[in-house]
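Colleague: I am new to this structure and would rather understand one part of it well than hear a little about everything. Please choose a part that deserves a close look, and set it in its surroundings as you go.

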Amino acid sequence: MKYKHIMLVFGVSAAISVYLRLKEQLTTINERGFVIRSLTADNFFLLLGIIGLFAASIVAACLTRRCPVKAPKVKPALGTVSLVLGGWLVYDSVTISSPVSIPAWQTIILMLLGVLSGVLFIVYGATAFMQFEFPKAVFILPVFYWMIRLIWVFTALNTLALTIEHILLLLNCSAILIFMLQYAKLLNSLDRDKNFKRIQITGFASVLLCADYALPNLILMAMGNRSFVGNGVSSEVTILLTSVFILFFLFAFFDEKNLKRRSKSRRRVVSHPGTGKDSFYIGGSR
């Protein structure tokens, strides 16, 4: 499947699913955060529509024909987003409030990993404006941060209210965790012959889940309506900024300029580094 068609499916799915989520929040969740018992056929189809759009994007990502094997160069757009994400991640980590159900040591570990991950994204973003090298092995830090955050969120969910929002939040953390693992593998040149497809699939999943969870809540709050945020506005912004970073990274990673070296011929055989396996690079519009 051509890349522009994949991005078209993804873009349309993201826009429509955010709209459906807003409508679903306003029509199927009561003021206390519970799902309304008498779900109408329209509300049921809203949920099916969101799931269907998500599935369509993931299937499209599985059909990608672009196979970059190296991390993209950090350009100003990606660098700026990384700087903003890093700064906000540090702020969110030092101002996080711990629920009663969370052990103090767990919150301390989350804060420490959050600050370190934020500094890492700041350094990563700074490479777009100045040339310097740093060990890529440190990109395991965001993996550990989202792992602890997933545990922290799961432990904090001790109420039956806001069930849909809690499930979406757990799915958000899980998808970002898997993406950050593939992201760290890419930057450390691990499993380069297969990782590109995993990055696109987990990247699309992360962005869609983040958009469907954080963006509608922030829009509702901006409109002065009842929102269903369970972990504070700062955490919602962190999730949204993470999805923006992932989206910009996907654009840079699958950009034509980041693909394998080209020749004047329409097609030629190239080898995946370190694998001894040949594959075809198809030039032109893909």
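Modeller: Helices and strands are taken here as DSSP runs, where a helix is a stretch of H or I with at least four residues and a strand a stretch of E with at least two, and both are numbered from the N terminus. With that numbering, Ile51 belongs to helix 2, which covers residues 41–62. Please keep in mind throughout that this is a predicted model.

Before the close look, a brief overview may help. The protein has 8 helices and 2 strands, and along the sequence these follow the pattern α-α-α-α-α-α-α-α-β-β. Of its 286 residues, 48% count as buried, and among contacts with a separation of 6 or more, 75% are made by residues 24 or more positions apart. The accessible surface comes to about 13800 Å², with 69% of that belonging to carbon and sulfur atoms. Ile51 gives one view of that outer side: with a relative accessible area of 56% it is exposed, and together with Phe44, Phe45 and Leu48 it forms a nonpolar surface patch of about 430 Å² accessible area.

The part I have chosen is the pairing of Asp92 with Arg149, whose side chains meet in a salt bridge at 3.5 Å, taken from N to O. Asp92 sits in helix 3 (residues 76–94) and Arg149 in helix 5 (residues 141–156), so this pair ties together parts of the protein that lie 57 residues apart in sequence. Side chains of opposite charge can pair when their charged atoms come close. Both partners are covered by their surroundings, since a residue is called buried when its relative accessible area is under 20%: Asp92 has 3% and Arg149 has 5%.

Arg149 has buried company within its own helix, where the buried residues also include Tyr145, Trp146, Ile148, Trp152 and Val153. The helix itself passes a simple check of its length: at 1.5 Å a residue, its 16 residues should span 22 Å, and its end C-alpha atoms are indeed 22 Å apart, which agrees.

A third element also reaches the pair, through Thr238 in helix 8 (residues 233–253). Leaving aside residues up to four places away in sequence, Thr238 touches both Asp92 and Arg149, and it also touches Leu85, Trp88 and Leu89. At 0% relative accessibility, Thr238 counts as buried too.

It is instructive to set this pair beside another one, as the structure holds 2 salt bridges. Lys136 and Glu133 bring their side chains together at 3.6 Å, again from N to O, but the cover around these two residues is of another kind: Glu133 counts as exposed at 71% relative accessibility, while Lys136 counts as partly exposed at 25%.

Moving on along the chain from helix 5, one comes to helix 6 and helix 7, which are joined by a loop that holds Ser189. This residue has a positive phi of about 60 degrees although it is not a glycine, and at 43% relative accessibility it counts as partly exposed. Gln182, by contrast, lies in helix 6 and is buried, with a relative accessibility of 8%. Across the loop, Gln182 touches Asn195, Arg198, Ile199 and Thr202, not counting residues up to four places away in sequence, and its C-alpha atom is 9.8 Å from that of Gln200, which lies 18 residues away along the chain.

Helix 7 is itself largely enclosed by the rest of the structure, because 21 of its 28 residues are buried. It has a kink of about 30 degrees centred on Ala211, and yet its length still agrees with expectation, as 28 residues at 1.5 Å each should span 40 Å and the end C-alpha atoms are 38 Å apart.

Finally, the loop between helix 8 and strand 1 holds Phe254, which at 0% relative accessible area is buried. Among the residues that Phe254 touches are Tyr3, Pro68, Phe196 and Gln200; the C-alpha atoms of Phe254 and Pro68 are separated by 6.7 Å, although these two residues are 186 residues apart along the chain. To return to the part we began with, the pair of Asp92 and Arg149 links helix 3 with helix 5, and Thr238 touches both partners.

Note on methods
Residues are numbered from 1 along each chain as its sequence is written. This is a predicted model: local features need pLDDT of at least 70, side-chain atom pairs count only at pLDDT 80 or more; totals for chains, interfaces and linings use all residues. Side-chain values use heavy atoms; hydrogens and water are left out. The expected span of a helix is 1.5 Å times one less than its number of residues. The bend at a residue is the angle between axes fitted to the seven residues ending there and the seven starting there. Buried means under 20% relative accessible area, exposed over 50%, partly exposed in between (1.4 Å probe, protein chains only). A salt bridge is a side-chain nitrogen of Lys or Arg within 4 Å of a carboxyl oxygen of Asp or Glu. Patches are made of residues with over 30% relative accessible area and no salt bridge: like charges are joined within 9 Å, nonpolar side chains (Val, Leu, Ile, Met, Phe, Trp, Tyr) within 5 Å. Accessible areas come from the Shrake-Rupley method with a 1.4 Å probe; for residues, only the protein chains shown count as cover. Contact means heavy atoms within 4.5 Å.
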